[in-house]
Structure formats: C-alpha cells, structure tokens
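Subject: Structure for your review

Dear colleague,

Please find below the structure that I am handing over to you. My findings follow it, and I would be grateful if you read them with the coordinates open.

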Amino acid sequence: MLTPDLIEKLSAIVGANHALTSESDIAPHLLEPRGKFSGHSPLVLQPGSTEEVSAILKLANETGTTIVPQGGNTGLVGGQMPAGDVVLSLSRMNRVRHLDAADSCITVEAGVILHNAQEAAAAEGLIFPLWIASQGTCQVGGNLATNAGGINVLAYGNARDLCLGLEVVLASGEVWNGLTSLRKDNTGYDLKHLFIGCEGTLGVITAASMKLLPAPPDRATVFAALPSPVEALELLSLVRRMSGNAVVAFEIMPRSGVEMSIKHGGCRYPLAAPSDWYVLFELAGFDAEGDMNGKATGILEVAFEEGLVSDATIAASTQAAQDLWRIREAMSEVQRLEGGSIKHDISVPVSKVPAFLDEATVLVEKMLPGCRPVPFGHIGDGNIHFNVSQSADDDKEAFLAKWQEVSAAVHETVRKYGGSISAEHGIGTLKRDELAATKQPVEMAMMHGIKQLLDPKAILNPGKVL
Ligand code: ZN
C-alpha cells in the first residue's frame, strides 16, 4: 500500500515540484493518445537525474512499491499504463550528454525526444536513423525499452541495432553504467540486449549511447501504383539491384488507406488514376554530384516494362517528398476518423507477405462482413500493420468487441507462416496473455528466470509482458 508517509518519502527524492499528486497533473500520464489504454495512479515522479531514479527504485524495492516507467506515453500496447502503480516519468532527463562525431556516437538521456536526438545528429552532418511516426513526442528511453522499429529498419535496423550501450537502474537501485561507443566488445553476455525490448520490466533505462551515420546527400522519393503485394516484392528486388542497394525505406499501402489519408489527412492524391496498391520508397546515396532521381527514373522504366508498376511519381522537391510521406504517416491516425479499427502489428518472412495478406484478408472479411482491411507498412521487413476498419453501418462498440476473437484468428494465420504477433510494438498488456501461446515453454521459462533474477520483488512494470 502506498501510505501518505511513503508518498512523502518518494516525493522528497525528486522535490515537491516534480512529484505530481493532483488529479489534473496526473491525468496526462493515464491515457495514451488513441485512448485505447487508460490507467490510474496516486503519484507521478519526475526524477531529474540517474541518482534520483536510483534512490526511488531502492526505496520502492524495500517497500514493495510497484513502478511503471514512462517515456513519451506513445506506446501502442499499454506497456506504459499504471494500474495503481507509481509512474516514473523520464521526461525531465532530456539532456544530450555527449556527441562524438569521430566515434559516430551520441549519448542521450532516456527522456530526450527522438526528434531532438535526430536534430542533434543533423547539426553535425550525421543521421540518427530511427524514424517513427511519433518521433516528435516519443523518447529515446522508451524507444529502447520497446525496441521501436519504423520506416528505416530496412536499411539501419531497429532501436536494438542502433544501440551501443546503456545506463540502467536496476530494481535494487544499483546503477549499471554500460555506456560505450565501442563497436566491438565480446566480453561475455551482452547485457544491454536484456533491457532493450524489456518494456521496463527488468530495469529502468536512464541513458543510452546510440550509433550515428553519415547523412546521405542524394535522395529520391518515389510513389508508385501497382496491382498487388506480389509486384511490390518484385519491385523491391529490382530497386535493390538497380540502385546499388540504396533503398532506405520501402512501404506498402492499400487503396483503402491512401483514400483515408487523402480524405482526413490533408493529403493530395499524387497520381492520375486509382490503384489497388501502392508503394512509397526512398533511395539515399553518397555521391554528392549524384542524380538519384535519374536513377529512380531508370528503375521505373524497367518496372513499367516488366509490368510491375502502372503509374508512378518521383518527388521533385523536399516538400513534394514530405507530401508523399505524409500519405503514409497519416495512415494510422486517420483510421480513427473512420470508426473502430482492430489493429495488428505482425511480421512474417518477407517472401510470405503476399500469401499472408491474401489469407488474412479473406479471414477477416468472413468474420467481419463489410469491414475494410487497411494493411500497410514495412513490407521490406515483412512487417505489416494489419488493421481492419469497421464498415459505415457497423456499431463501433460492437465491432471493437470482436477485437480478441479476430486477433486470435489473425495471429493463428501469422503463426502458420512462421511469423510474429508483435513485430515492433511490443507485448505490454495487449498481447501478454497470448505470449505463452507464441513462445516455446523453454523460452517462457528463461524469461521468467531472468525476471526473477533482476526484479525478484516484481516491482517493475507489473502485469506487462509476462
Ligand atoms: Zn510501423
């Protein structure tokens, strides 16, 4: 129980100004932006340093007080929502500690907003290539705790691949300083990987050393219409071959989703005639005198000849490229304006995406007559956001009530194709009860063992993941 005495002691660690107890101050931490997950909590702590996080966890561990770490509160699976627990908000830990261009490394505190990390890199002519829709709000600590993905995974990997080292406060309050710019370090178990993707259940990430890369000066952005996902994959191989593997993003979108972005997202339709499917891809290269748009034109000529593409446009300016990307980036948020949407974040082997899409679409159309499937996303990684919008006639509540039943069936199809039920959003509470059906017993046993070792009193983000 969180007694008034304990609230006072925890608050004293961060100072009264940074211990929120009033309903209105706490409220923003109790609801995520889509409103799907809500929580309740008597106390939000906003530590300003690793030492304060350490003192909080030490006291929490001694008193059996449960803690829910929270970054930008943009998670999509409920992992950041408290159920009566104390919220540990990392927002005030927002300093860029160090940027070393020679080592191509940036060390940021957990609360640094992703966009600010990107800007810090850009100021040195470098890129921090984690690129996700929530980057103006989400924080690097949360990106790592959830192993965020996004549109550049194809070229640069996910948050895990970009991480060189971590600073973590353990449940006991001990601080592990594993910050490093080393590219190679084979000295036993690579502990950072336990905390990346742990969703705050094994420790609290307070800082991270992340890889930076040189910024490619030459880019081309292409929006193309094509008949089906089969052609999309053929186009991906063609683009890879002909561009010298310069593809940094390759996204698929269905007609239904593009129409929603046009209708609600303030986007303009960039082609002449509609098509069942589209891809949006980006090439990036290092030839300062390069002509990536010219290269893209050459690739599209071959794609037209081979019947892969029926129409296409190449962005003529940075603004035009942003406008094309807006169609893709708006796709998730605009679905809200079309009523209820049952969402999945799945992956299958890249080659299996077309077959999976065929089968899962037939499945949901049978279970939800009149529904509008809106499967889109990172086809180059085999990761599809298999979302299904209600029909105009459906009752929203009745439609959403079928979420679990529909998800179970979609996920069964995912498993049949050797895929994953969570490609980049994590487990949280949304998929917790399905985890055991997805993992082998030996995997679940290892995960429980690691949890027991690092958080024996189960104070860290209880009820999430496991
Ligand atoms: Zn995504």
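How many residues does helix H9 have, and how far does helix H9 reach from its first C-alpha to its last? Helix H9 (residues 229-243) has 15 residues and reaches 21 Å, close to the 21 Å expected at 1.5 Å a residue. Please bear in mind throughout that this is a predicted model.

Helix H9 and the loop after it

The buried residues of H9 are Pro 229, Glu 231, Ala 232, Leu 233, Leu 235, Leu 236, Leu 238, Val 239 and Ser 243. Their packing partners are strand E12 (218-226), strand E13 (247-254), strand E14 (277-285), helix H11 (292-305) and H14. Just after the helix, Gly 244 takes a positive phi of about 70°. Asn 245, in the loop between H9 and E13, also has a positive phi, near 55°, and is a residue other than glycine. With a relative accessible area of 52%, Asn 245 is exposed, because the cut-off for that class is over 50%.

Helix H16

Helix H16 (residues 403-416) has 14 residues, which at 1.5 Å a residue should span 20 Å; the end C-alpha atoms are 20 Å apart, in agreement with that value. Within H16, the buried residues include Trp 403, Val 406, Ser 407, Ala 409 and Val 410, together with His 411, Thr 413 and Val 414. The buried residues of H16 pack against three strands and three helices, as listed here:

- strand E16 (341-342), strand E17 (345-347) and strand E19 (383-389)
- helix H14 (353-367), helix H15 (396-400) and helix H17 (432-438)

Just after H16, Gly 418 has a positive phi of about 70°.

The zinc site

Three residues supply the protein donors of the zinc ion: His 378 (NE2), His 385 (NE2) and Glu 424 (OE), at 1.9 to 2.2 Å from the ion. Along the chain, these donors follow the spacing H-x6-H-x38-E. Both His 378 and His 385 are buried.

His 425 lies in the loop between H16 and H17. Is His 425 in contact with residues beyond its neighbours within four places in sequence, and which are they? They are Leu 76, Val 77, Asp 345 and the zinc donor His 385. At 22% relative accessibility, His 425 counts as partly exposed. In space, His 425 and Leu 238 are 30 Å apart, C-alpha to C-alpha, and they are 187 residues apart in sequence.

The second largest pocket

The second largest pocket holds about 760 Å³ of space. It is lined by 29 residues, and the closest to its centre are Arg 160, Gly 197, Ile 427, Lys 439 and Met 447. Helix H8 (192-195), H17 and helix H18 (441-454) are the elements that give two or more residues to the lining. H18 gives the most, with five residues. By type, the lining residues divide into 13 nonpolar, 10 polar and six charged.

Val 465 is found in the segment after H18. Its phi is near 65°, a positive value in a residue other than glycine. Val 465 is buried, with a relative accessible area of 9%.

Two further aromatic residues

Trp 325 lies in helix H12 (residues 318-329). Is Trp 325 buried or exposed? Trp 325 is buried, with a relative accessible area of 9%. Leaving aside neighbours within four places in sequence, Trp 325 is in contact with Ile 151, Thr 221, Ala 249, Glu 251, Leu 280 and Glu 282. Trp 325 and Val 222 are 103 residues apart in sequence, and their C-alpha atoms are 9.7 Å apart in space.

Tyr 189 is placed in the loop between strand E9 (175-178) and H8. At 76% relative accessibility, Tyr 189 counts as exposed. The C-alpha atoms of Tyr 189 and Pro 129 are separated by 26 Å, with their positions 60 residues apart along the chain.

With kind regards

Note on methods: Residues numbered from 1 in each chain as written. Predicted model: local features only at pLDDT ≥ 70, side-chain atom pairs only at ≥ 80, totals over all residues. Heavy atoms only, no water. Donors = N, O, S within 2.8 Å, 3.2 Å for Na, K, Ca; no water. Buried < 20%, exposed > 50% of the residue type's maximum accessible area, 1.4 Å probe, protein only. Helix = DSSP H or I, 4+ residues; strand = E, 2+ residues; numbered from the N terminus. Expected span 1.5 Å × (residues − 1). Contact = heavy atoms within 4.5 Å. 1 Å grid on protein atoms, 1.4 Å probe; cavity = no way out; pocket = protein on both sides within 12 Å on 5 of 7 lines; lining within 4 Å. Points joined across faces, edges and corners; volume = space filled by probe spheres on them. Nonpolar A, V, L, I, M, F, W, Y, C, P; charged D, E, K, R; others polar.
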